[in-house]
Amino acid sequence: MENISKLEELIGYSFKNKELLKHALSHSSYANERKIHGGSNERLEFLGDSVLSIVVSDYLYKNMNVAEGELTKIRASLVCEKSLHIFATQINLGDFMRLGKGEENTGGRERPSILADAFEAVIAAIYLDGGMEAAAKHILRFMPENIIEAKKPVFSDFKTVLQEIVQKNPEEKVEYVLIGEEGPDHNKRFVVEVCLNSQVIGKGKGRSKKEAEQLAAKEALELMGYEA
């Protein structure tokens, strides 16, 4: 209970039902090992993902006067695993996770996927315990410092990063389209566009199709505000 109280202080919310928060912190490895009734935090993660999406969408709509395509890109960058991992570390969420022995011994407390999923599960726990207003208040604590002003890390595999950004929203799809070739055979350049839901968000030119795709993804990330 002492750990729960410390986390409540960090997130700025006191639970009426402490079991909800404990459940949100229970990784599948822990739940399976302990045979916990109700299982792991995976169902809470599912719910938290939806709550996060609607709160961020509402915030962006009200605070950013930009086109739908730009809103979509910014939202995708905020709800991706990399961003959620950063948010989770800001409240030391890994220190409070309940992990099985295997995950504990292999660095599970610092694993980005585990922390990102737990962050969403905690959102769901707050939502179930205190409603949408409480959940939104928690989520929005992370927005001002992380939407536009925050410096993003430098990446090398731009395609993978871009895919991770959009994969949280199943309805959104990234495609790479070869639109042209330039130069003689011994010095050919390929031109590729990357599209988000059929909307062009980046273009790249390279000596191979793969290089052109990477450069197109790099341009898309830069447009999203990443320091690619």
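This report describes helix α4, its crossing with helix α5, and two loop residues with positive phi.

The model is predicted, so local features need pLDDT of at least 70 and side-chain atom pairs count only at pLDDT 80 or more, while totals for chains, interfaces and linings use all residues. Residues are numbered from 1 along each chain as its sequence is written, and side-chain values use heavy atoms, with hydrogens and water left out.

Helices here are DSSP runs of H or I with at least four residues, and strands are runs of E with at least two, numbered from the N terminus. For α4, with 22 residues, a span of 32 Å is expected at 1.5 Å a residue, and the 31 Å between its end C-alpha atoms agrees with this; the expected span is 1.5 Å times one less than the number of residues.

The axes of α4 (residues 42–63) and α5 (residues 68–79) come within 10 Å and cross at roughly 135°. The contact (heavy atoms within 4.5 Å) is made by L52, S53, V56, S57, L60 and Y61 of α4 and by L71, I74, R75, L78 and V79 of α5. These residues divide into 8 nonpolar, 2 polar and 1 charged.

Buried residues (under 20% relative accessible area, against over 50% for exposed and in between for partly exposed) of α4 include L44, E45, G48 and V51. The buried residues of α4 pack against α2, α5, α6, α8 and α9.

Two residues other than glycine have positive phi:

| Residue | Phi | Loop | Relative accessible area |
|---|---|---|---|
| N92 | near 55° | between α6 and α7 | 37%, partly exposed |
| S198 | near 75° | between β2 and β3 | 64%, exposed |

Conventions. Axes fitted to C-alpha atoms, helices over the stretch in contact; angles between N-to-C directions. Nonpolar A, V, L, I, M, F, W, Y, C, P; charged D, E, K, R; others polar. Buried < 20%, exposed > 50% of the residue type's maximum accessible area, 1.4 Å probe, protein only.
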